[in-house]
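Visitor: I should like a close look at a single part of this model, with its surroundings explained in turn. Please begin with the terms that such a description requires.

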Amino acid sequence: MRDQPETDPRALLVVGHSEGAMTGLLLGGTVHPRPAGLALLQPQAIRMLDLVTLQLKAQVTEAARQGQLTPEDQRTIDAAIDAAVTSLREQRPVDTTDLRPRSPNSSKRSRAPTPGS
């Protein structure tokens with residue numbers, strides 16, 4: 001947009017809502033020329049990796065509650081999530097060597113017998 005002939009690049013504002021507000025904040029400090037202003041509408045109240053951790057662990061907990069994962073699986077996955085977040089925060093690659101590949105039947109696994117079994 002700033003490259004359009006009718007646009008004054010020194011008069012542009014960056015506006016973002018929720019996660020977009022976080023992106024706007026990053027853009028505001030990195031683009032040139034700098035925006036004339038930022039409008040950050042309801043930015044996230046939690047760091048992105050903390051939010052992703054909460055969401056992933058909630059999904060893992062629900063899968064365990066439904067019998068799709070064992071308690072041991074849940075602990076292993078939760079520990080892998082924590083290790084991945086730590087690696088990302090330390091700007092290191094995430095080590096996936098100990099993660100099991102998803103089996104084709106993993107979505108069908110349950111403690112209760114399935115009909116016809």
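Guide: A residue is called buried under 20% relative accessible area, exposed over 50%, and partly exposed in between (1.4 Å probe, protein chains only). Contact means heavy atoms within 4.5 Å. The model is predicted, so local features need a pLDDT of at least 70 and side-chain atom pairs a pLDDT of 80 or more, whereas totals for chains, interfaces and linings use all residues. Residues are numbered from 1 along each chain as its sequence is written, and side-chain values use heavy atoms, without hydrogens or water.

The part chosen is helix α1, and its setting comes first. The protein has 3 helices and 2 strands, arranged along the sequence as β-α-β-α-α; these are DSSP runs (H or I, at least four residues; E, at least two), numbered from the N terminus. Of the 117 residues in the protein, 20% are buried.

Helix α1 covers residues 19–30. Its 12 residues should span 16 Å at 1.5 Å a residue (counting one less than the number of residues), and the 17 Å between its end C-alpha atoms agrees with this. Ala21, Gly24 and Gly28 are the buried residues of α1. They lie on the same side of the helix, because they cover an arc of only 55° around the axis, taken over the directions from the axis to the C-beta atoms. An α-helix has 3.6 residues a turn, so residues three or four places apart point the same way. Leu26 and Thr30 are exposed on the other side of α1. The cover over the buried residues of α1 includes the strands β1 (13–17) and β2 (37–41).

The loops on either side of α1 have backbone features of their own. Serine 18 belongs to the loop between β1 and α1. Its phi is near 55°, positive although the residue is not glycine, and serine 18 is partly exposed, with a relative accessibility of 28%. In the loop between α1 and β2 lies proline 33, which a cis peptide bond with omega of about 0° joins to histidine 32. Most residues other than glycine have a negative phi, and most peptide bonds are trans.

Helix α2 (residues 48–65) offers a second case of a helix with a buried side. The end C-alpha atoms of α2 are 26 Å apart, in agreement with the 26 Å that its 18 residues should span. Thr53, Val60, Ala63 and Ala64 are buried in α2; their arc of only 100° around the axis puts them on the same side. Leu54, Gln59 and Arg65 are exposed on the face turned away. Among the elements covering the buried residues of α2 is α3 (71–89).

The largest nonpolar core has 5 residues, namely Val60, Ala63, Ala64, Leu69 and Ile81, and α2 gives the most to it, with 3 residues. Such a core is a set of buried Ala, Val, Leu, Ile, Met, Phe, Trp, Tyr and Cys residues joined through side-chain atoms within 4.5 Å.

Last comes the confidence of the prediction. The mean pLDDT (the predictor's confidence in each residue, from 0 to 100) is 84, and 85% of the residues reach 70 or more. Residues 109–117 have a pLDDT below 50, and this stretch has 13 contacts in the model beyond near neighbours in sequence. Where pLDDT is low, the predicted coordinates should not be read in detail.
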